[in-house]
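Dear colleague,

Please find below the structure I am handing over to you. My findings follow directly after it.

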Amino acid sequence: MMDWQEIWNWLRDQQNREIVTFIGGGLVVVLGGIWAVYTHFFPRPSPPSGDADQRNNATAPALPPNSDLPALPPPDPAALRAVYLRLRASEWRTIPLDVLDERSADPAARRLTLEQVYVALNVTTPRPKTLYLQGVENHEQPPLGAVEALCCAKRRRMVLLGQPGSGKSTLGRYLCLTLAEALSEPDAANLAERLPGWNGPVLLPVFVPLRQLAAGLSATDLGSASQIEAFIRQQMDARDALRGFGEPLLKELEIQGGLVIFDGLDEVTGAQRARVKQALQEFADLYPRCRVLVTCRVHSYRQDSAWQLNWAAEHTLADFDQNQIERFIEAWYHALAVLNPGSPVDYAGKARTLKTALAPNDPRGLRDLAGTPLLLTVMVIVHAYKELPDSRVGVYRECVDILLLRWQGAREGEARRPPLLNALLPHGGTASKVNQGLREIAFEAHRDGEQDQQGGGRALVSDVIIGGVMCRELGPQGAEIFLDYCRHTNGLLLVDQIVAREAAEPAIRYVFPHLSFEEYLAALYLLQKPDGGLGEVVKLAGDPAWWEVARFYGEHQCHDEYSANRYLAKTLLAELCPDRAPRDRNDGDWRRVWLAGALLPGWRRSVPTDAREPALENRIAGDVVALVETPAALRQDAPARAAIGRVLAALGDPRPGVGLGSDDLPDVLWVRIPGTRAVRASGRFPGFTGLRLGNGAKPDSEASEDENWPADAAPLEVVDFELAAYPVTVAQFRPFVEQDGYREERYWSANGWWWRERENQSEPWLWNDPNWTVPNQPVIGVSWYEAEAYCHWLNEQLRQPLGTFRLPTEAEWEWAARGPEGRRYPWGDEWEAWRCNGAESGLDRTSAVGCFPGDAADWWRVMTGGDSRLHDLSGNVWEWASSVYNKDYSESNQSVIDANSGGSRVLRGGSWANVPGWLRSAARYWNDPRGWDGNAGFRLARTL
């Protein structure tokens, strides 16, 4: 057996040390334990009294002359580095789910890890041209990723801002975890896949919680890099297995560089902010090879320029988009399926149903909530163990219960706090009292609070208001405990701003995790009023700021499983939609009609058939239609109009020309368009001499090169024809899909069938995506060949000669949109954004047909009278024409349906994604007949 001296002599050999390093840091931990035993029997004497330097420099006495245990050599930096990477990766990998899910607290449970569920975050900054992806159109460039932003940051330093729960700390931990694993196992780690956008070498990661750093700073010292260095050394020495690694770590940061993440600048309060700012700036200057990232909440950083870092790179985290939401859901449930292979839970089914629930058109309106990673995690957990409640109020009740019952700390490097309710129990605090206080706080904040414009409209709540309300509910000690949890943990109230005040404690302002939580809790406060709050809610429903509060209130009354009140619900619906003519209504009245329509489907589901009120239901549905068809109603609120269109879809849109008839075939509303000869014969347009397209009708400074009408071309003649009032809707296209329209060759041209067979096409693009398949919205993702086949199918179904139902020619389409006056837009020559669904509407998707009636073309009414109009000629979707595209318009009046002609096809009208220049009635676009897009549909024409 080797004695101690032989062991140390063996370890002095470089090759032997490399063997130890290769085996791992475990031996270092074992030797550390041996050293602990040794020091137990041979303790170092207490240091002599004196100043700090004397104490720090005190040395242990020499070993007894005959001792077999010589002093240990300095620890091997390489071995310590391996231990550091392994230990820290284990910490960064852990998701503190027991904060939200008590099942995760079971030590025997298999737990999710960060890399299993992490979804890359984006920032709101537009992608710089230097990072444009090759082969991608400028307007289709993907969002700028947070990692990309860090890697292109000037001087390798960046400030990352975000709202509470937006994923700032999680991003930092994931970066550190990924780099630690790549350094530990360089052959196994796929850095490009796990960290898209990272460039340069793999760096040593360091994570510094700034609240802990600030707590150790002297109140008299100036901030300096040496304070951060001392903190890092202390972090290392706090772990026996890492003792002594602080200096080698700092040396590597200096020589080779590293990634240093300073997390939570918003948690630094008072005068410490200036010291921390100075220390951060000095540290970044002293370690120029390092990439340095500082995270902070948005308002906390921007409220005072005096303590903002002088760094050029400053970015704000974006909310999850739909793609990120779905990837997060898929990753989460896939990981659960892997961890629980024998579970009876259908995790794939869970993922599908949750994605459907979080679609933008879901009546529960949960999509906006899901944009915040913290709140999406809450919903995933709720849905993992039971179905997400069918009602919106049920979902919010579950989320509030989780955040309240599991309200506890999970900060990096800190001991876990007990749940808030446990801490309040000795002081008489209960869930009921906390809930009651939160409801009152939410109502007061929504009524009187200063709005947090950059936080999604949430009200800023002062600590004075919270303390006063909670003091009544919980007593002074309980209120102080509550405020302490608000300051230091994530729950239902989060610190948003810390405002310094002279000669006084800083003022703290809080926000709810999302505006909808504030609205939900305010609605509960109204519900508990002695009279049920009905009269106040009806009044508030006309105010845009209170509409969602009124909606939560109404959902509780109409169909909540715990608190529904059938009598009050019926009274509420009747008061929101009284029996009077729509023409007397202002915007406030129209918002009440909208709310009644939004509540009606839930009322129908919850009330027995024999207790229904047909007259009331018909009045509400009729008034919602009147709202959609009234151009002046809510005309400056495009999102509201789009939402009303979805409400009408949920009610069963009864408008002619939008859905199906009694025969379950498309019900098309036709508008007769007089031809050119009829217009000349009418004498109503004396300036009209013949149909010339593009600039030939009226010069336009925005016209493209392909809008120049040839000087030597004769005017076109268009005969009378009919055009559908709306583009073909999802509801009208569905029978073609479900009745094997894609499987019957007789509906397809030879070229079209060849394409369908090759692509194995059986439905439009995104046909199973509920975001794009609302029944009364235009069908999208159809190629020209699919539109052609649909026309043939419809002729057969309605027993019409081939060619009766068809696509309009390009000349017919422009003639209908511009008329003999050559209007620039269907409504006239001046651009007005409220009239149509274009890019300026901000919807970023299709809307119900005709819900922007201000864009209607109706120039022929001076000839024919009547009220026929064409809707959505400008915006919503591009529309296929039957003509082959030529720059000189040479085939603009010719249809190539049934001709198997080659060449690109014309699209007209612009879409939801286009700026005004593309929404002009003369604007032209083209695509291959095999092509499809998320902004292209079609409209039917009929030969007379």
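Of the 944 residues of the protein, 54% count as buried in this predicted model. The accessible surface amounts to about 41,100 Å², and carbon and sulfur atoms account for 50% of that area.

The secondary structure consists of 35 helices and 17 strands. As to how the chain contacts itself, I considered pairs of residues at least 6 apart in sequence: 72% of these contacts join residues at least 24 apart.

One helix pair may merit your attention. Helix α18 covers residues 373-385 and helix α19 covers residues 392-405. Their axes come within 10 Å and cross at roughly 105 degrees. Since angles of 65 to 115 degrees count as roughly perpendicular, α18 and α19 are therefore roughly perpendicular to each other. On the α18 side, the contact is made by Leu375, Val378, Met379, Ile381 and Val382; α19 contributes Val395, Glu398, Cys399, Ile402 and Leu403. By class, this contact has 9 nonpolar residues, 1 charged residue and no polar ones. The charged residue is Glu398 of α19.

Helix α18 also appears in the surroundings of helix α16, which comprises residues 347-357. Which residues of α16 are buried? They are Tyr347, Gly349, Lys350, Ala351, Leu354, Lys355 and Ala357. Two lysines, Lys350 and Lys355, are thus listed among the buried residues of this helix. The cover over the buried residues of α16 includes α18 as well as α15, the helix at 322-339.

With kind regards

How values were computed: Residues are numbered from 1 along each chain as its sequence is written. This is a predicted model: local features need pLDDT of at least 70, side-chain atom pairs count only at pLDDT 80 or more; totals for chains, interfaces and linings use all residues. Side-chain values use heavy atoms; hydrogens and water are left out. Axes are lines fitted to C-alpha atoms, for helices over the stretch in contact, and angles run from 0 to 180 degrees between N-to-C directions. Helices (H or I, at least four residues) and strands (E, at least two) are DSSP runs, numbered from the N terminus. Angles under 35 degrees count as roughly parallel, over 145 as roughly antiparallel, 65 to 115 as roughly perpendicular and the rest as oblique. Contact means heavy atoms within 4.5 Å. Buried means under 20% relative accessible area, exposed over 50%, partly exposed in between (1.4 Å probe, protein chains only). Accessible areas come from the Shrake-Rupley method with a 1.4 Å probe; for residues, only the protein chains shown count as cover.
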